[in-house]
Amino acid sequence: MSEQNRTFLALGSNLDDRLLNLKNGITMLNNHPHIWVLKTSYIYESEPMYNTNQNSFFNMVIEIDTNLIPQDLLAAIKKIEKLNGRKHSVIKNMPRTLDIDIIAIGELKINNKTLNIPHNKILERMFVLRPWSDIANTFKVIDYNLTVGELLEISPDSSELTLILDNEGLL
């Protein structure tokens, strides 16, 4: 796959069986007729940001291949979140069984009400950068013209992450 088509998703969970939620999300993504999971990062535990009065998260990043346009990929992701028990709230940063974000699609840039690609808060999220660097350290993020590894080094986020699980058995 060319660099311009590489697609990355960040997955997180902080309700119920967090590991099972991530595994179910990967399985459902991979079972979609137009989404193929290529790589999975290690799983890390992180403290919640913004709304800190909730359980810690399990986080990971995956690389997928898809022939869906970004809006259709987003719709498929939202459906998978809902099927995994996610209740979307008007209040941001609430606990969730499964959260899936599109963090990058090659060199594509989209900024509208429903979709920001690359994700606009990548630099401030160690819980995205650390697992992303596991599978794509040299991928260049268009908004910064820096690789994931370089972003990891300059991130102002000093949160501690705990390695929970390697990626054995996730695919």
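Asp16 lies in the loop between β1 and α1, and it is a good place to start looking at this predicted model. The phi angle of Asp16 is near 60 degrees, a positive value in a residue other than glycine. Why might you pause at such a value? Most residues other than glycine have a negative phi, and most peptide bonds are trans. Asp16 is also exposed, with a relative accessible area of 69%.

Now stay in that loop and look for Asn14, which is found between β1 (7-13) and α1 (18-31). Is Asn14 buried or exposed? Asn14 is buried, because its relative accessible area is 1% and the cut-off for buried is under 20%. To see what surrounds Asn14, look beyond its neighbours up to four places away in sequence: Asn14 touches Gln54, Asn55, Ser56, Phe57, Pro95 and Arg96. Take Gln54 as an example: Asn14 and Gln54 are 40 residues apart in sequence, while their C-alpha atoms are 8.0 Å apart in space. The side chain of Asn14 also makes polar contacts with backbone atoms. It reaches the backbone oxygen of Asn55 at 3.0 Å and the backbone nitrogen of Arg96 at 2.8 Å.

Let us step back to the whole chain. The protein chain has 4 helices and 10 strands. If you read along the sequence, they follow the pattern β-α-β-β-β-α-β-β-β-α-β-β-α-β. Of the 171 residues in the protein chain, 47% are buried. Among contacts with a separation of 6 or more, 69% are between residues 24 or more positions apart. The chain exposes about 8900 Å², and carbon and sulfur atoms supply 49% of that area.

A helpful strand to follow next is β4 (residues 57-66). Here 9 of the 10 residues are buried, so β4 is mostly covered. Which strands pair with β4? One is β1, which runs antiparallel to β4 and is joined to it by 7 bridges. Another is β2 (residues 35-40), which pairs with β4 in the antiparallel sense over 5 bridges. Strand β3 (residues 43-46) is also antiparallel to β4, with 3 bridges between them.

You can trace these pairings residue by residue. Gly12 has Asn59 in β4 as its bridge partner, and Tyr44 also stands opposite Asn59. Further along, Trp36 has Asp65 in β4 as its bridge partner.

While you are in β4, find Glu63, which has its place in this strand. Glu63 is buried, with a relative accessible area of 4%. What does the side chain of Glu63 meet? A polar contact of 2.9 Å joins the side chains of Glu63 and Arg6.

Let us move on to the helices, beginning with α2 (residues 70-83). This helix has 14 residues and spans 20 Å from its first C-alpha to its last, close to the 20 Å expected at 1.5 Å a residue. The buried residues of α2 are Pro70, Leu73, Leu74, Ala76, Ile77, Ile80 and Glu81. They cover an arc of only 160 degrees around the axis, which means that they sit on the same side of α2. The spacing of the numbers helps you see the pattern: an α-helix has 3.6 residues a turn, so residues three or four places apart point the same way. The face of α2 turned away from the buried side carries the exposed residues Lys79, Lys82 and Leu83. After α2 comes Gly85, whose phi is positive, near 95 degrees.

Helix α3 (residues 126-136) gives you another helix to examine. How many of its residues are buried? In α3, 9 of the 11 residues are buried, and the helix is mostly covered. Among them are Met126, Phe127, Trp132 and Ile135.

Two backbone details round off the tour. Pro118 is found in the loop between β7 (116-117) and α3, and the peptide bond from Ile117 to Pro118 is cis, with omega near -5 degrees. Asn145 has its place in the loop between β8 (140-141) and β9 (146-147). Its phi is near 55 degrees, a positive value in a residue other than glycine. Asn145 is exposed, with a relative accessible area of 53%.

Key
Residues are numbered from 1 along each chain as its sequence is written. This is a predicted model: local features need pLDDT of at least 70, side-chain atom pairs count only at pLDDT 80 or more; totals for chains, interfaces and linings use all residues. Side-chain values use heavy atoms; hydrogens and water are left out. Buried means under 20% relative accessible area, exposed over 50%, partly exposed in between (1.4 Å probe, protein chains only). Contact means heavy atoms within 4.5 Å. A polar contact is a pair of N or O atoms within 3.5 Å; within protein, one must be able to donate a hydrogen and the other to accept it, and residues adjacent in sequence count only if both atoms are side-chain atoms. Accessible areas come from the Shrake-Rupley method with a 1.4 Å probe; for residues, only the protein chains shown count as cover. Two strands pair if DSSP finds at least two bridges between them. The expected span of a helix is 1.5 Å times one less than its number of residues. The arc is that of the directions from the helix axis to the C-beta atoms.
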